[in-house]
Amino acid sequence: MCGIVGYVGGQEAWPIIYEGLRRLEYRGYDSAGIAVVDPYGDIQLRKTVGKVSGLESTGEHPDGSVGLGHTRWATHGRPSHENAHPHTDCEQRIAVVHNGIVENYLELKRRLIDAGHEFGSETDTEVLTHLVEEGIDRGLSFQEAFRRMGRMVKGSQAISAIMQGDAAEICALRLGHAGGIVVAQSEGQAIIGSDLPALLPLLQTDSNIGQVAFLETGEMVVVTRDKVEYQDLEGNHIDKQPRMVSQEEILVDKAGYQHFMLKEIMEQPQAVASAMRERVNFETRRVDLLDFPLSPQEIAGLDRVMLIGCGTSLNAAQVGRHLVERYSGLPAEAESASEFRYRDPYIGPGTLVVSIGQSGETADTVAGMQMVKDKGGKLITICNSEGSQASRIADGTLYMRAGIEIGVASTKTFVASLTILNLLAIFLGQSRGVLDTAKRQELVDGLAQAPRLLGDLVANDGVYQYLAQEYAQFDNFLFLGRGMNAPIATEGALKLKEISYIHAEGYPAGEMKHGPIALIDNAMATVALAPKDFLYDKVVNNVKEVKARDGRVLAVLTEGDSQLSADVDHALYIPEAPEHLIPLLITVPLQMLAYHIALLRDRDVDQPRNLAKSVTVE
Ligand code: M6R
């Protein structure tokens with residue numbers, strides 16, 4: 001959460017930092033701020049509540065070629081001008097930006113207040129500023145004071161600071177897993193950021209900026225115009241080799257779509273094809289996961305699979321549980337990483353834990369993974385971000401290869417996760433000899449159709465727009481599904497609530513009569529997932545129960561269904577498909593419905609309130 005950008009070089013810092021922050025808004029947008037050291041060596045500060053664009057109206061941009069910026073996702077202290085970063089000391093000698101949580105901030109704050117420091121915000125971040133100030137007042141250099149501060153704070157975070165004067169240097173450090181810092185240097189200039197997109201504004205004019213290094217936990221960097229120096233928190237030099245990142249990794253734009261979310265929904269056919277590339281042989285009809293880290297003996301020794309994730313990735317994990325159980329012959333469980341991390345689960349030599357995450361940085365997921373690692377468990381991750389925490393902790397990564405996802409609502413990474421979970425389940429079944437050849441071939445043949453079928457579905461925009469108009473006025477939604485589609489009902493409800501702010505619940509359809517049925521009346525919209533699978537008749541009964549109570553029903557059916565279509569108010573159709581593809585296909589109409597309802601309600605689709613793309617705090 002929170003985005004950090006720092007620049008030092010021969011150009012004006014403000015526009016570079018401003019553009020970098022705009023690219024990092026997926027990390028939070030409760031407030032934004034930029035501090036620049038002006039030509040007289042003074043720190044000039046501009047802040048705004050809300051989005052980065054608000055900085056445009058904070059008056060004339062200060063001149064200066066060294067500066068720091070921040071876009072905030074609020075943890076300690078509400079979104080306000082006072083709580084916006086950068087935070088400065090009383091005399092505005094130092095400016096600090098921060099991503100993460102200072103766990104011992106209360107204790108530090110009390111001590112600093114006793115020592116005479118005055119605080120102007122409710123944030124934990126402000127203690128960092130005063131700690132650096134304290135070091136400087138004790139005669140330390142800026143670097144030394146920054147390092148000292150880094151040794152005093154507890155928690156998982158990234159911190160960066162600049163100081164007044166003519167030193168033109170930026171210090172940054174990383175503690176724990178919550179906050180990444182990427183550093184790029186070229187001739188006469190350097191940039192730091194929380195994430196690769198921060199580099200984009202410079203990359204467009206200087207291709208050498210593609211050489212980047214990532215800070216590891218406990219590492220610090222001092223960046224000047226001509227030099228980048230890596231150290232540990234004791235000041236010992238660290239050798240670090242930058243690596244080249246591709247333009248594609250960094251470059252993102254809306255490609256003519258109104259929103260990133262729509263663009264990313266439209267990219268789903270390619271995302272699925274890309275997830276299968278070189279992993280599925282459509283001639284031999286086998287799945288070969290060359291990037292799977294376990295040996296054939298280890299795979300044979302598996303006796304259980306546990307899948308963990310949060311939010312949309314948890315919904316993917318729940319579908320994955322069905323797939324793994326059905327095709328690999330292994331018992332499987334799925335659980336929220338935020339619960340898993342605080343249990344004491346048995347992780348035996350035959351347990352395989354699979355974490356799922358778009359970002360690979362979600363704090364709960366990373367903590368759950370670390371616990372598995374500490375217990376000596378076998379751990380893989382399904383992840384979309386190269387170099388993420390998750391991919392570093394896991395024994396191996398099955399990359400989604402969906403391309404960067406900017407919309408806060410996960411879309412293409414969800415279908416990419418489902419694709420990889422299909423591959424994993426088939427691969428385990430195939431490797432363990434429990435999946436007979438005919439079944440394996442049927443599953444692989446089904447996967448071959450997925451990009452085409454998804455392509456047909458995303459092209460149905462007119463239908464989704466029409467239905468959105470019919471349903472946008474409802475304030476309560478129930479999404480019902482069974483079997484593999486129960487988690488898809490939850491995902492449909494999550495998409496709708498997060499981007500339209502409409503109350504929506506996802507429920508296993510069989511559970512409806514145990515409580516939710518009391519909610520049914522003509523003001524409650526029910527979205528019933530009733531594809532033609534082995535549970536179809538059961539869902540039909542549930543839909544009839546809703547209709548008998550005057551509920552309004554929109555059903556997602558298989559093309560050609562004439563049985564249920566007559567009983568419901570509206571129907572959406574997916575093509576006939578094998579059961580393992582149905583969760584992927586049903587997802588598309590639900591995403592599109594949520595998207596168009598949110599548009600009709602005039603919501604900020606790509607950056608819905610209170611959310612952030614990567615949830616790197618607990
Ligand atoms: O990066 P991750 O997949 O680990 O993120 C987990 C959740 O924060 C994420 O899926 C969230 O629920 C999305 N906003 C859903 O659209």
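Trainee: Which atom of the ligand lies 2.7 Å from a backbone N or O atom of Gln-358?

Mentor: A polar contact is a pair of N or O atoms within 3.5 Å, and here the partner of the Gln-358 backbone atom, 2.7 Å away, is an oxygen atom of the ligand. An oxygen atom of the ligand is also 2.6 Å from a side-chain N or O atom of Ser-359, while a nitrogen atom of the ligand has a backbone N or O atom of Val-408 at 3.1 Å. Of the 410 Å² of accessible area (Shrake-Rupley method, 1.4 Å probe) that the ligand has on its own, the protein covers 93%.

Please keep in mind that this is a predicted model, in which local features need pLDDT of at least 70 and side-chain atom pairs count only at pLDDT 80 or more, whereas totals for chains, interfaces and linings use all residues. Residues are numbered from 1 along each chain as its sequence is written, and side-chain values use heavy atoms, with hydrogens and water left out.

Trainee: How many residues surround the ligand, and which helices each supply at least two residues of that shell?

Mentor: A residue counts as near when one of its heavy atoms lies within 4 Å, and 14 residues surround the ligand, the closest being Ser-313, Gln-358, Ser-359, Thr-362 and Glu-498. The helices α10 (312-328) and α17 (486-500) each give at least two residues to this shell, where helices are DSSP runs (H or I) of at least four residues and strands (E) of at least two. By residue type, the shell divides into four nonpolar, eight polar and two charged, with Gly counted among the polar ones.

Trainee: How many helices and strands does the whole chain have?

Mentor: The protein chain has 19 helices and 26 strands, and its C-alpha atoms fill a box of roughly 80 × 55 × 45 Å along the principal axes.

Trainee: Where in the backbone is a peptide bond cis, and which residue other than glycine has a positive phi?

Mentor: The bond from His-85 to Pro-86 is cis, with omega near 0 degrees, and Pro-86 is found in the loop between β4 (66-72) and β5 (87-88). Gln-92 has the positive phi, near 55 degrees, and lies in the loop between β5 and β6 (94-100).

Key. A polar contact is a pair of N or O atoms within 3.5 Å; within protein, one must be able to donate a hydrogen and the other to accept it, and residues adjacent in sequence count only if both atoms are side-chain atoms.
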